[in-house]
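Here are some comments on the model you sent, set out as numbered points. They begin with a single side chain, then turn to the ligand and to the salt bridges.

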Amino acid sequence: MTLLDGKLLSEQIKAELAAEVEQIKLQGGKIPHLAAIIVGENPASQVYVSSKIRSCEQVGFKSSLVRCEAATTQEELLAIVQKLNNDPDVDGFIVQLPLPKHIDEEAVTLAIDPKKDVDGFHPVNFGRMAQGLPAFLPATPMGILEILRRYNIETSGKHCVVLGRSNIVGTPISILLSRKGYPGDCTVTLTHSRTKDLPAEVRRADILVAAIGIPEFVKADWVKEGAVVIDVGINRIPDESKKSGTRIAGDVDFEGVAPHCSFITPVPGGVGLMTVAALMMNTLKACKGEIYGK
Ligand code: NDP
């Protein structure tokens, strides 16, 4: 069993990005600039946004963080989105989800200029992705593709089973892995809460992507010998042996499943870090006009 080391890969990617930023600086080009909007005090969101800003610093990008009170109205937030859309110095920006209940996430996502949508959540980018056109890919699925690519994992003709059909993970990764070319050309089964006999579906997987949000849900006897397992889940569960009283667990029972796999991502240290690395890659693409031109 080989551990798919998201920490190592994300450090590699960040080093590559930092080297490119150095070159841009030497040539007097524009330094990539990522902005993030955070609304309210959700502790998990604070952690995610800080890690994105820290990554910008590591690679030499410019970053700006717009902090909004939890009581910010939808109109006020939309005005901030418009401001960033119109700011020529900002190459890409994200609105950290979830948003407070009184704000319509869909309306906010739709307001983001697709050319600056480095999270890849706008339907224009989603549609372009589905048709195989140049697009900002959603960061978590893009991070998964990068893991497969950098570990040279064969995907052509493999049976891939995806657990979960969210718009940000399950559905896009199922589309991406079924697209023509590498890493793709898989035969994909997309499963969800209405799927009958989930363990039987999972047993057919050469490549399993688990993104449902239930800690340690996938058990050892569901997984085919030699399968590649990508665990997207980030779940906080009680653990009295930890000072904090909790620990982070994936959607896969790692201890039980790992001995049966050819490759597996750990949680933490797997897909989460690659998500941030993918966001950085998208920001550089935005700055260089690689998707939509300058
Ligand atoms: P959502 O909560 O949006 O979707 C969960 C999906 O799982 C749904 O499609 C749901 O089915 C399905 N599901 C729920 N229960 C079951 C069940 N018992 N059997 C089969 N399917 C089930 O999830 P997200 O995609 O947003 O997140 C999934 C996990 O990934 C979470 O732990 C989240 O924290 C993590 N995550 C990690 C990221 C990273 O960077 N590593 C990024 C994003 C998320 P239905 O559609 O029928 O309701």
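**Notes on the predicted model**

1. Arg 203 is partly exposed, with a relative accessible area of 39%, and its place is in helix H8, which spans residues 198-203. The model is a predicted one, and in it the C-alpha atoms of Arg 203 and His 33 lie 44 Å apart, with the two positions 170 residues apart in sequence.

2. Around the ligand there are 21 residues, of which Arg 165, Ser 166, Ser 193, Ile 234 and Thr 275 are the closest. By class, this shell is made up of ten nonpolar, ten polar and one charged residues, and helix H10 (residues 271-288) contributes the most to it, with three residues.

3. Polar contacts to oxygen atoms of the ligand come from side chains as well as from the backbone. A polar side-chain atom of Ser 193 lies 2.5 Å from a ligand oxygen, a polar side-chain atom of Ser 166 lies 2.6 Å from a ligand oxygen, and a polar backbone atom of Ile 234 is found at 3.0 Å from a ligand oxygen. Of the 930 Å² of accessible area that the ligand has on its own, the protein covers 69%.

4. Ile 234 deserves a second look, as it sits in the loop between strand S8 (227-231) and strand S9 (235-238). It counts as partly exposed because its relative accessibility is 44%, and together with Val 47 and Tyr 48 it forms a nonpolar surface patch with about 270 Å² of accessible area.

5. The structure holds 13 salt bridges. One of them joins Lys 30 to Asp 91, with the closest N and O atoms 2.7 Å apart; this pair links distant parts of the chain, 61 residues apart, with Lys 30 in the loop between helix H1 (6-26) and strand S2 (33-39) and Asp 91 in the loop between helix H3 (74-86) and strand S4 (92-95). Lys 30 is partly exposed at 30% relative accessible area, whereas Asp 91 is buried at 9%.

6. Asp 89 forms a salt bridge with Lys 62, the closest N and O atoms being 2.8 Å apart, and this pair likewise links distant parts of the chain, since Asp 89 lies in the loop between H3 and S4 and Lys 62 in strand S3 (residues 62-68), 27 residues apart. Both partners are partly exposed, Asp 89 at 28% and Lys 62 at 42%.

7. Glu 16, Glu 146, Arg 149 and Arg 150 are linked in a network of salt bridges.

Methods:
Residues are numbered from 1 along each chain as its sequence is written. This is a predicted model: local features need pLDDT of at least 70, side-chain atom pairs count only at pLDDT 80 or more; totals for chains, interfaces and linings use all residues. Side-chain values use heavy atoms; hydrogens and water are left out. A residue is near a molecule or strand if one of its heavy atoms lies within 4 Å of it. A polar contact is a pair of N or O atoms within 3.5 Å; within protein, one must be able to donate a hydrogen and the other to accept it, and residues adjacent in sequence count only if both atoms are side-chain atoms. Accessible areas come from the Shrake-Rupley method with a 1.4 Å probe; for residues, only the protein chains shown count as cover. Helices (H or I, at least four residues) and strands (E, at least two) are DSSP runs, numbered from the N terminus. Ala, Val, Leu, Ile, Met, Phe, Trp, Tyr, Cys and Pro count as nonpolar, Asp, Glu, Lys and Arg as charged, and the others, Gly among them, as polar. Patches are made of residues with over 30% relative accessible area and no salt bridge: like charges are joined within 9 Å, nonpolar side chains (Val, Leu, Ile, Met, Phe, Trp, Tyr) within 5 Å. A salt bridge is a side-chain nitrogen of Lys or Arg within 4 Å of a carboxyl oxygen of Asp or Glu. Buried means under 20% relative accessible area, exposed over 50%, partly exposed in between (1.4 Å probe, protein chains only).
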